[in-house]
Amino acid sequence: MSEQEKAARTWRNLARRTVTKVNFGWWLDRFSPLLIVSSLVVAVIILALRSQARPVMGNVPLLIGSGIFVLAIGLIAWVVARRRFLRESDGLVRLDDRLSLRNALTTADRGIGKWPEPPSDFSKVDPGLQWNWGRVVTPFLVAMMAILSAALMPITTVEAARTPPSEPLAWAQMEEWMELLEEDDLIEEQGIEEVKEKIEELRNQPEDDWFSHSSLEATDTLRQTLQQQIQNLGAELANAERDLNALQNYSSQLSEETKDKLMAEYDQALKDLALNGLPLNPELMKALEGIDPSQLSQAQMSSLSKEQLDQLRQALKEGAQACSQCNGQGGGEGEGLPALGEGDAALMAMLKKGPGNAGISRGPGPAPLFLGENETNLGTNNIEGVKNEDYSKAAPGDVMGIGQTEHDIDETKTGPQKAGAVGSVGQGGDTVWRESLMPEEKAVLKRYFK
Amino acid sequence: MALDESVIQERAKEIGKLRDALNTILYGQETLVELTITGLLARGHMLLEGLPGLGKTELVKGLSKALQLVTKRVQFTPDLLPGDITGNPVLQETEKGREFVFQPGPLFANLVLADEINRASPKTQSALLEAMQERRVTVLGETHTLPHPFFVLATQNPIELEGTYPLPEAQLDRFLFKLEVPRNNAATLERIVSQRELGVEPELEPVMDGEALESLMETVRQIYLPDVVANYIARLVDATHSGQSKTAEGIKFGASPRAALSLASAAKARALMAGRINASFEDVKSVAVPVIQHRIILEYNARIDGKTNRQIVESLIAEVPTQDFNTPSTLKQTAAAATN
């Protein structure tokens, strides 16, 4: 490498160093105000999070978000500052000027002259630019203080008044059924718990998913299954009670064939009760299984007394009524909840308050259209004059008025006049002072001749 | 065409000889001599202003001798007519019979000393316009080219202005430089007294001829003017106009584009004299005052406040930065500059 190439490389490096310093200075100049504004925004976010008792320290999304935010404003600052960035040639000019090189570097950079000998000690090359530390550090300190203050300042946590979201009606309805069955002690405890667990499982989903398609479908399936089981339970209990009643009280009036049929029905009812998804109370089931229907008419042969048998039948009767109440067929004695069909009807009634409340699959639909007679007389055959009295808005070419007038000619006789005559009073002295000079000029003159 | 630095050095030595020669006849006026040579190399006319007896005429004579140029001197008076300086057609007897033959005036010389130019009438002063700008004169519809090189060195006396005709702005703009001839100090006066005799002209050996001067002028044209220097010249001239700088508040009319061209040319000439291949910011600064000072017209208030054209131009130089870029607020400029 020749001496000239070495010198060129050295000077270019020095120029780049200068340019980098200036450009970084410009970037900082544009970045600082953005940093302050951004830090205030982050501080507000931190305060908002803290007020809601959400963690700030170690909040990874917050840290990542803040980092991306700082990078973004850094990028914006770079884009804005780029218009003022210097090039390497500008750095050479700067060195030329500061080192009194009489534009030798600029000239050499264009390949016209020789590169001057570079200095032996680069530290002596002073481009004449020093950091203004006050302007550099202050924005960072302000930003840091804002964020630290927001993070460490003691504040009172405000519990957000959250409105609990409404859950699907079917859940509450199923729970009501279970409570009703539980009160009558009709179903095995484990069976009730299983149904409640399933409902709780649905409830434990994220609140946003409560009304999702899958959740509603699962709810509907569970409700229909439960409804069917309760319906079956009620029907079997009613069958068993009817059979027992007939065998106990009307045995003497029944033929053997009818008795056998009733006994077979009773056995079938017990089997169905055992196979039902909602298992019957074990004690009640055991009592029912302990009855021999063929010996019901012979009180001495039965294991149960007549009173006990009546109580058992009464329990079966009440159980059947409870099941029918669950299915919306009750009335009279119980206070069961309306069945889902009736609930839907109430909901529909509520929604039918007026047109326009329609949904996609429910409601009364759009508001009805009203048809009327079309207007036939549009007045197109009438001729009406339009006047434009406001002449301030007259269009070019509009006639505003016609009148007669004459030229105003001054017919006063005048004699011959000398050319070049001037009417001015001339200039100089007081005339100049009065008519030519501006007030500030007068003030200057006064001050000068004082 | 790329210039060879050795050629430039050689030319600078030749100019140095001219400078030394002129300094032997004009004591204590080194700056004036420097600027006069700069003006010559930049192909410019010069207006010398100073009190009588300071060596203005001596300078022109010295140039004439050193450069071996044809020199003519015209003493401008109020009754001087344009034809007296441009030349007149004279009725002469020729082979074809009587006809008008153009008799060249004193303008037909390489170096014209227009002494006390402000004493001539505006009509005569205007006759110089075409000669100075176009380097030719037109008499009775016939154009005559002036010899090359052609320079006008005019003088005017800053006092005794009674009965004079101040040069109009258009005329002033034709002068590359307006040079003020300062008075000599005591030491210089002592040197003049001891080495000179009244009425005896000093001897001066020729240094170069007109052809060599033309060659030097051609070299000046080839001096490289960096873009940044051209930009500085443009901004400096622009700053003379109202509203373009703080200093311009005291200026009524700013300098013309011809001033910018003159600055560039003079800066190149300065670079050649210094043996450099390129013009620089320093060259522009060194010739800014003589180039711009007579091309601006001050506001009334500025004149009342005692400001001179020179002060205004110096203020402009201080105000307009050489580099056209700002410094961010995160950096501050230091005053002292290190040198290599």
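Colleague: What share of the contacts in chain A with a separation of 6 or more comes from residues 24 or more positions apart?

Modeller: In this predicted model, residues 24 or more positions apart account for 69% of those contacts in chain A. For chain B the corresponding share is 76%.

Colleague: Which secondary structure elements make up each chain?

Modeller: Chain A has 14 helices and one strand. Chain B has 13 helices and twelve strands.

Colleague: How much of each chain is buried, and how much surface is exposed?

Modeller: Of the 450 residues of chain A, 31% count as buried. The surface that chain A exposes is about 30,700 Å², and carbon and sulfur atoms supply 54% of that area. In chain B, 52% of the 340 residues count as buried. Its accessible surface comes to about 16,000 Å², with 50% belonging to carbon and sulfur atoms.

Colleague: Can we take one residue as an example of a contact between distant positions? Where does Leu14(A) lie, and what is it in contact with?

Modeller: Leu14(A) lies in helix α1 of chain A. With a relative accessibility of 3%, Leu14(A) counts as buried. Leaving aside neighbours within four places in sequence, Leu14(A) is in contact with Leu95(A), Pro119(A), Phe122(A) and Val125(A). Take Phe122(A): Leu14(A) and Phe122(A) are 108 residues apart in sequence, yet their C-alpha atoms are 8.0 Å apart in space.

Colleague: And in chain B, is Asp115(B) buried or exposed?

Modeller: Asp115(B) counts as buried, at 7% relative accessibility. This residue lies in strand β5 (residues 111-115) of chain B. Once neighbours within four places in sequence are set aside, the contacts of Asp115(B) are Thr57(B), Arg73(B), Val74(B), Gln75(B), Phe76(B) and Thr155(B).

Colleague: Next, helices. How should I read the sides of a helix?

Modeller: An α-helix has 3.6 residues a turn, so residues three or four places apart point the same way. Helix α7 (residues 189-203) of chain A can serve as the case.

Colleague: What span should the 15 residues of α7(A) have, and how far apart are the end C-alpha atoms?

Modeller: At 1.5 Å a residue, the expected span is 21 Å, and the end C-alpha atoms are 21 Å apart, so the two agree.

Colleague: Which residues of α7(A) are buried?

Modeller: The buried ones are Gly191(A), Ile192(A), Val195(A), Ile199(A), Leu202(A) and Arg203(A). They cover an arc of only 125 degrees around the axis, so they are on the same side of α7(A). On the other side of α7(A), Gln190(A), Glu197(A) and Glu201(A) are exposed.

Colleague: What do the buried residues of α7(A) pack against?

Modeller: They pack against α6 (169-183) and α8 (213-249) of chain A.

Colleague: Now the aromatic rings. How many aromatic pairs are there over all chains?

Modeller: A search of the whole structure finds nine. To read a pair, look at the distance between ring centres and the angle between the planes; angles under 30 degrees count as stacked, over 60 as edge-to-face and the rest as tilted. Phe31(A) and Phe140(A) have ring centres 6.2 Å apart and planes at 40 degrees, so this pair is tilted. Phe31(A) lies in helix α1 (residues 3-51) and Phe140(A) in helix α5 (residues 133-152) of chain A, so the pair ties together parts 109 residues apart in sequence. Phe31(A) is buried, with a relative accessible area of 4%, whereas Phe140(A) counts as partly exposed at 35%.

Colleague: How is the pair of Tyr232(B) and Phe281(B) arranged?

Modeller: That pair is edge-to-face, with 5.6 Å from centre to centre and 85 degrees between the planes. Tyr232(B) lies in helix α9 (residues 227-238) and Phe281(B) in helix α11 (residues 281-292) of chain B, so far as sequence goes 49 residues apart. Both are buried: the relative accessible area is 0% for Tyr232(B) and 1% for Phe281(B).

Colleague: Which residues do ring pairs link into a cluster?

Modeller: The cluster consists of Phe24(A), Trp27(A), Phe31(A), Trp131(A), Trp133(A) and Phe140(A). It includes the tilted pair of Phe31(A) and Phe140(A) described above.

Colleague: Rings can also have a charge over them. Which residue has its charged end over the ring of Tyr27(B), 4.0 Å from the centre?

Modeller: That is Arg191(B). Arg196(B) also lies over the face of Tyr27(B), at 4.8 Å from the ring centre.

Methods:
Residues numbered from 1 in each chain as written. Chains lettered and ligands numbered in written order. Predicted model: local features only at pLDDT ≥ 70, side-chain atom pairs only at ≥ 80, totals over all residues. Heavy atoms only, no water. Helix = DSSP H or I, 4+ residues; strand = E, 2+ residues; numbered from the N terminus. Buried < 20%, exposed > 50% of the residue type's maximum accessible area, 1.4 Å probe, protein only. Contact = heavy atoms within 4.5 Å. Areas by Shrake-Rupley, 256 points an atom, 1.4 Å probe, with all protein chains shown as cover. Phe/Tyr/Trp six-rings, centres within 6.5 Å; stacked < 30°, edge-to-face > 60°. Lys NZ or Arg CZ within 6 Å of the ring centre and 35° of its normal. Expected span 1.5 Å × (residues − 1). Arc of directions from axis to C-beta.
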